[in-house]
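Please open the structure in your viewer and keep the selection tool at hand. This tour proposes one selection after another and describes what is to be found at each stop.

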Amino acid sequence: MSAIICDIDGTLLAGANGIKKTIEYINSQASRYDIIIVTGRPESERGNTTKALKANGVKYNRLIMNPHSSANSYQYKHDTAKALQAKQKIVLAIDNDAKARSAYASLQIKTMNPRNLPSPSTKE
């Protein structure tokens, strides 16, 4: 199954609060695509992160966290997406950060700023 990559901070969540438009969009795509959350958050935050995602009703298949919190987040996201591409087609990467979108775009992955997401009822 093809996949969508999605960021957390500023994309799915603002603190512990969900960003409704992104969550609705991601959840509307979860039956058609694997949802892979790729975040720069350190692995040590996994417990709090999964609780926040669950509390906000986010549907996802995998949560990939940065094992090296001091590492460059953009390079980490690029390298993670490249490894994922070797296993499945990535159809979209949603991230609020322009540098992260640039990292994904360098791999020919379509990117989208969450502010520009279509209405959840719109089919891609």
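Helices, taken as DSSP runs of at least four residues, and strands, taken as DSSP runs of at least two, are numbered from the N terminus. T22 has its place in helix 1. Please keep in mind throughout that this is a predicted model.

**Stop 1: T22**

Select T22 in helix 1. Is this residue buried or exposed? Buried means under 20% relative accessible area, and T22, at 1% relative accessibility, therefore counts as buried. Now display its surroundings. Leaving aside neighbours within four places in sequence, T22 is in contact with C6, T11, L12, P114 and L117.

**Stop 2: the sheet**

Next, show the strands as ribbons. Five strands form an open sheet, in which the order is 5-4-1-6-7 and the pairing is parallel. Strand 5 and strand 7 (111–112) are the edge strands, each of which pairs on one side only. With the sheet in view, add helix 1, which comprises residues 20–29. Helix 1 packs on the sheet and touches strand 1, strand 4 and strand 6. The direction of helix 1 makes about 160° with that of strand 1.

**Stop 3: strand 1 and its partners**

Select strand 1, residues 3–6. Strand 1 runs parallel to strand 6 (residues 90–94), to which four bridges join it. Two pairs can be located here: A3 has I90 as its bridge partner in strand 6, and C6 stands opposite I94. Turn then to strand 4, which also pairs with strand 1 in the parallel sense, over four bridges. In strand 4, D34 stands opposite A3.

In a regular strand, side chains alternate between the two faces of the sheet. Which residues of strand 1 lie on each side? A3 and I5 are on one side, I4 and C6 are on the other, and all are buried, so that both faces of the strand are covered.

**Stop 4: strand 6 and the crossover**

Select strand 6. How many of its five residues are buried? Five of the five are buried, so strand 6 is largely enclosed by the rest of the structure. Two bridges join strand 6 to strand 7, and these strands run parallel. Within this pairing, A93 stands opposite T111 of strand 7. Follow the chain onward: from strand 6 it passes through helix 4 (residues 98–105) to strand 7, in a β-α-β crossover that is right-handed.

**Stop 5: helix 2**

Select helix 2, residues 46–55, where T49, A52 and L53 are buried. Look down the helix axis: the buried residues fall within an arc of 100°, so they line one face of helix 2. These buried residues pack against strand 2 (13–14), strand 4 (34–42) and strand 5 (62–66).

Which exposed residues does the face turned away from the buried side carry? They are K51, K54 and A55. Select K51 among them: exposed means over 50% relative accessible area, and K51, at 61% relative accessibility, therefore counts as exposed. A distance may be displayed as well: K51 and I5 are 46 residues apart in sequence and 19 Å apart in space, C-alpha to C-alpha. Just after helix 2, G57 takes a positive phi of about 70°.

**Stop 6: the nonpolar cores**

Finally, select I4, L12, I26, I37, L53, L92 and I94. These residues touch the most other members among the 21 residues of the largest nonpolar core. Strand 1, helix 1, strand 4, helix 2, strand 5 and strand 6 are the elements that give two or more residues to this core.

Centre the view on L53. Which residues is L53 in contact with, leaving aside its neighbours within four places in sequence? They are I8, L12, L13, I37, V58, Y60 and L63. For the last selection, choose I36, Y76, Y104 and L107, which are included in a second, separate core of 13 residues.

Conventions:
Residues are numbered from 1 along each chain as its sequence is written. This is a predicted model: local features need pLDDT of at least 70, side-chain atom pairs count only at pLDDT 80 or more; totals for chains, interfaces and linings use all residues. Side-chain values use heavy atoms; hydrogens and water are left out. Buried means under 20% relative accessible area, exposed over 50%, partly exposed in between (1.4 Å probe, protein chains only). The arc is that of the directions from the helix axis to the C-beta atoms. Contact means heavy atoms within 4.5 Å. Two strands pair if DSSP finds at least two bridges between them. Axes are lines fitted to C-alpha atoms, for helices over the stretch in contact, and angles run from 0 to 180 degrees between N-to-C directions. A crossover is right-handed if, with the strands pointing away from the viewer, the path from the first strand over the helix to the second runs clockwise. A nonpolar core is a set of buried Ala, Val, Leu, Ile, Met, Phe, Trp, Tyr and Cys residues joined through side-chain atoms within 4.5 Å.
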